[in-house]
Amino acid sequence: MRKAGLDESKVGIKIAGRNINNLRYADDTTLMAESEEELKSLLMRVKKESAKVGLKLNIKKTKIMASGPLNSWQIDGEEMEVVTDFIFLGSKITSDGDCSQEIKRCLLLGRKAMANLDSILKSRDITLPTKVRIVQAMVFPVAMYGCESWTIRKAERQRIEAFELWCWRRLLRVPWTARRSNRSVLEEINPDCSLEGQILKLKLKYFGHLMRRKDSLEKGLMLGKIEGNRRRGRQRMRWLDGVTEAVGVKLNGLQKMIEDRKTWRNIVHGVAMGRTRLRN
């Protein structure tokens with residue numbers, strides 16, 4: 001990729017004055033451009049440079065995703081698959097940048113993980129506190145994979161809370177026909193922190209880690225702005241909006257808090273536990 005000269009090329013997406021046209025992780029490469037012509041030029045560079053060392057571009061494994069309407073896409077006479085979403089590094093990426101599908105998918109995977117533990121959770125030889133720890137160690141991490149990048153709105157918060165209560169009710173063998181309140185279920189389980197609180201804690205820790213770095217791609221993407229005009233109507237909630245809303249402090253104030261690691265650690269813990277108390 002370095003020999004293809006992608007980093008030196010002016011083709012790409014400009015964020016905060018920085019030109020970004022490729023993301024690389026192990027053998028996975030993502031190319032980005034503002035137009036079809038620019039994307040084709042980047043792809044041809046990679047294809048030609050790969051051929052010099054005996055590597056061939058696998059068209060069947062290469063997918064194209066556009067933020068606007070795009071029905072077909074060809075390069076050198078070969079048809080490439082146009083998709084509206086795909087799985088990248090274990091997370092679902094959509095053309096509209098919405099996290100709702102990814103959150104639904106992770107919660108579904110969490111339900112499958114919970115169902116696979118039925119034989120263990122039904123055992124009478126295991127105490128309830130141990131079963132709770134098993135769920136927190138083997139189910140919740142599956143449902144929270146990649147949650148640091150989620151933009152969580154009210155509908156997603158309700159889904160997350162419903163999933164957690166479903167796990168606790170399944171653990172206690174409470175049928176859906178039983179007239180038992182959620183409060184009584186939570187009082188019996190007595191979790192240290194709610195699932196939403198754990199997700200929020202991971203997000204705030206990740207935010208603090210990025211803000212303390214002097215120069216990084218992630219920090220530039222988080223704080224930078226993309227050139228162009230915004231769409232009409234009410235603007236969508238951003239990832240950074242969720243962070244400032246949870247802490248109740250604007251970005252300028254957060255930067256001062258993060259400088260002291262101990263202070264920020266206490267704030268993160270307090271916010272996460274505050275969400276747990278509000279739910280109960």
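Is Glu156 buried or exposed? Glu156 is buried, with a relative accessible area of 3%, and it turns up again in the close-ups below of this predicted model.

**Figure 1. The whole chain, before zooming in.** Twelve helices and nine strands make up the chain. Its C-alpha atoms fill a box of roughly 65 × 45 × 40 Å along the principal axes. Of the 280 residues, 35% are buried. The exposed surface comes to about 18000 Å², with carbon and sulfur atoms supplying 50% of it. Take the contacts between residues at least 6 apart in sequence: 58% of them join residues at least 24 apart.

**Figure 2. Asp98, Arg153, Glu156 and Arg159 are linked in a network of salt bridges.** Start with Asp98, which sits in the loop between β9 and α2. Asp98 pairs with Arg153, and the closest N and O atoms are 3.1 Å apart. Arg153 is in the loop between α5 (140-143) and α6 (154-171), so this salt bridge ties together parts of the chain that are 55 residues apart in sequence. Arg153 counts as partly exposed, at 31% relative accessibility. Setting aside neighbours within four places in sequence, Asp98 has contacts with Arg153 and Arg236. For a backbone view of the spot, look at Asp98 and Ile152: they are 54 residues apart in sequence, and their C-alpha atoms are 9.8 Å apart in space.

**Figure 3. Glu156 and Arg159 meet within helix α6.** Their side chains form a salt bridge, 3.2 Å from N to O. The two residues are three apart in α6, which puts about one helical turn between them. An α-helix has 3.6 residues a turn, so residues three or four places apart point the same way. The partners sit in unlike surroundings: Glu156 is buried at 3% relative accessible area, while Arg159 is partly exposed at 31%.

**Figure 4. Helix α6 from end to end.** What span should the 18 residues of α6 have at 1.5 Å a residue? The expected value is 26 Å, and the end C-alpha atoms are indeed 26 Å apart, so the two agree. Glu156 has plenty of buried company along this helix: Ile160, Phe163, Glu164, Leu165, Cys167, Trp168, Arg169 and Leu171 are buried too. Just past the helix comes Arg173, whose phi is positive, near 60°.

**Figure 5. The largest nonpolar core, with Val139 in the middle of the view.** This core has 30 residues, and Val139, Phe140, Phe163, Trp168 and Ile199 touch the most other members. Helices α2, α4 (128-138), α5, α6, α7 (182-189) and α8 each put in at least two residues. The largest share, six residues, comes from α6. Leaving out residues up to four places away in sequence, Val139 touches Gly110, Ala113, Met114, Leu117, Ile134, Phe163 and Cys167. Another core lies apart from this one; it has 16 residues, including Leu200, Leu240, Ala246 and Trp264. As a general backdrop, nonpolar side chains in soluble globular proteins tend to be buried together.

**Figure 6. Helix α8 and the surroundings of Gln198.** Helix α8 covers residues 195-212, and those 18 residues should span 26 Å at 1.5 Å a residue; the end C-alpha atoms are 26 Å apart, which agrees. Its buried residues are Leu195, Glu196, Gly197, Gln198, Ile199, Leu200, Lys203, Leu204, Phe207, Gly208, Leu210 and Met211. Which backbone oxygen does the side chain of Gln198 reach? That of Cys193, at 3.3 Å. Beyond neighbours within four places in sequence, Gln198 is in contact with Phe140, Met144 and Cys193. Phe140 is also among the best-connected members of the largest core, in the sense of touching the most other members.

**Figure 7. A salt bridge between two strands.** The structure holds twelve salt bridges in total, and this view shows one of them, between Glu81 and Lys63, at 2.9 Å from N to O. Glu81 belongs to strand β7 (residues 78-82) and Lys63 to strand β5 (residues 63-64), so the pair links distant parts of the chain, 18 residues apart. Glu81 is partly exposed, with a relative accessible area of 41%. Lys63 is partly exposed as well, at 42%.

Note on methods
Residues numbered from 1 in each chain as written. Predicted model: local features only at pLDDT ≥ 70, side-chain atom pairs only at ≥ 80, totals over all residues. Heavy atoms only, no water. Helix = DSSP H or I, 4+ residues; strand = E, 2+ residues; numbered from the N terminus. Expected span 1.5 Å × (residues − 1). Buried < 20%, exposed > 50% of the residue type's maximum accessible area, 1.4 Å probe, protein only. Polar contact = N/O pair within 3.5 Å; in protein donor to acceptor, adjacent residues only side chain to side chain. Contact = heavy atoms within 4.5 Å. Salt bridge = Lys/Arg side-chain N within 4 Å of Asp/Glu carboxyl O. Areas by Shrake-Rupley, 256 points an atom, 1.4 Å probe, with all protein chains shown as cover. Core = buried A, V, L, I, M, F, W, Y, C linked by side-chain atoms within 4.5 Å.
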